[in-house]
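Student: I want to go through the charge pairs and one helix packing in this model. Can we take them one at a time?

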Amino acid sequence: EILEPNNDFVLISLAKLYGSARSFNIAIQYCDKLLAQNKLVVKAVSYKAQLLSYLGKYEKAIGVIQDVISRHPKSDSLWFILSEIQLSNGNKSAAVKSLFKCGQILYFTPNHPNKDNLPFIKEKLDKLKAELKLEE
């Protein structure tokens with residue numbers, strides 16, 4: 001980072017390196033540097049939200065990701081990560097809504113690069129809906 005403090009690849013790599021070493025707070029700082037520079041916003045906030053979730057800060061993670069979703073509403077990965085965090089936080093009904101939105105983006109966007117994930121999303125969505133039905 002000393003040699004290239006504004007290199008987004010270096011910053012996201014350092015965030016992932018510290019995250020994999022379970023130094024979550026340092027990893028979050030690197031995500032914040034990217035966000036302050038308005039670089040790799042979707043990747044940085046996705047990873048930051050996951051790190052916050054690992055720390056048990058679910059509400060903060062959800063808030064961070066929802067803020068960016070408001071500016072990038074067609075990011076399937078943001079909706080998917082939001083659903084995972086909501087699920088970790090015990091809110092299955094919110095997770096179903098977020099996962100459904102992710103599936104809609106993949107289904108209705110022609111030539112979406114992640115369209116191959118649609119069967120996985122549908123399977124996960126069906127499973128969550130079935131679990132919710134059992135809980136009623």
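Student: Which side chain meets Glu135 in a salt bridge?
Tutor: The model is predicted. In it, the closest N to O distance of the pair is 2.8 Å. The cut-off is 4 Å, so the contact qualifies. The partner of Glu135 is Lys92.

Student: How many residues apart are Glu135 and Lys92?
Tutor: Glu135 lies in helix H7. Lys92 lies in helix H6, residues 92–108. The pair links distant parts of the chain, and the separation is 43 residues.

Student: Is Glu135 buried or exposed?
Tutor: The relative accessible area of Glu135 is 52%. Exposed means over 50%, so Glu135 falls in that class. Its partner Lys92, at 21%, counts as partly exposed. Glu135 is exposed.

Student: Which residues are linked with Lys92 in a network of salt bridges?
Tutor: Lys92 belongs to a network, with its Glu135 bridge at 2.8 Å. The other members are Glu131 and Glu135.

Student: What parts does the salt bridge of Glu84 with Lys124 tie together?
Tutor: The closest N and O atoms of Glu84 and Lys124 are 2.7 Å apart. The two residues are 40 residues apart in sequence, so the pair ties together separate parts. Glu84 itself is partly exposed, at 26% relative accessibility. The parts are helix H5 (residues 76–88) and helix H7 (residues 118–135).

Student: What is the distance between the closest N and O atoms of Arg71 and Asp67?
Tutor: Arg71 forms a salt bridge with Asp67. Arg71 is exposed, at 52%, and Asp67 is partly exposed, at 44%. The N and O atoms are 3.4 Å apart.

Student: How many salt bridges does a search of the whole structure find?
Tutor: Side chains of opposite charge can pair when their charged atoms come close. The bridge of Arg71 with Asp67 is one example. The search of the whole structure finds six.

Student: Now the packing. Are H1 and H2 roughly parallel or antiparallel?
Tutor: Helix H1 (residues 8–20) packs with helix H2 (residues 24–36), their axes 7 Å apart. The angle is about 160°. Over 145 degrees counts as roughly antiparallel, so H1 and H2 are roughly antiparallel.

Student: How many residues of the contact of H1 with H2 are nonpolar?
Tutor: Leu11, Ile12 and Tyr18 are among the H1 residues, and they meet H2 residues including Phe24, Ile26 and Leu34. One residue of the contact is polar and two are charged. The nonpolar residues number eleven.

Definitions and conventions:
Residues are numbered from 1 along each chain as its sequence is written. This is a predicted model: local features need pLDDT of at least 70, side-chain atom pairs count only at pLDDT 80 or more; totals for chains, interfaces and linings use all residues. Side-chain values use heavy atoms; hydrogens and water are left out. Buried means under 20% relative accessible area, exposed over 50%, partly exposed in between (1.4 Å probe, protein chains only). Helices (H or I, at least four residues) and strands (E, at least two) are DSSP runs, numbered from the N terminus. Axes are lines fitted to C-alpha atoms, for helices over the stretch in contact, and angles run from 0 to 180 degrees between N-to-C directions. Angles under 35 degrees count as roughly parallel, over 145 as roughly antiparallel, 65 to 115 as roughly perpendicular and the rest as oblique. Contact means heavy atoms within 4.5 Å. Ala, Val, Leu, Ile, Met, Phe, Trp, Tyr, Cys and Pro count as nonpolar, Asp, Glu, Lys and Arg as charged, and the others, Gly among them, as polar.
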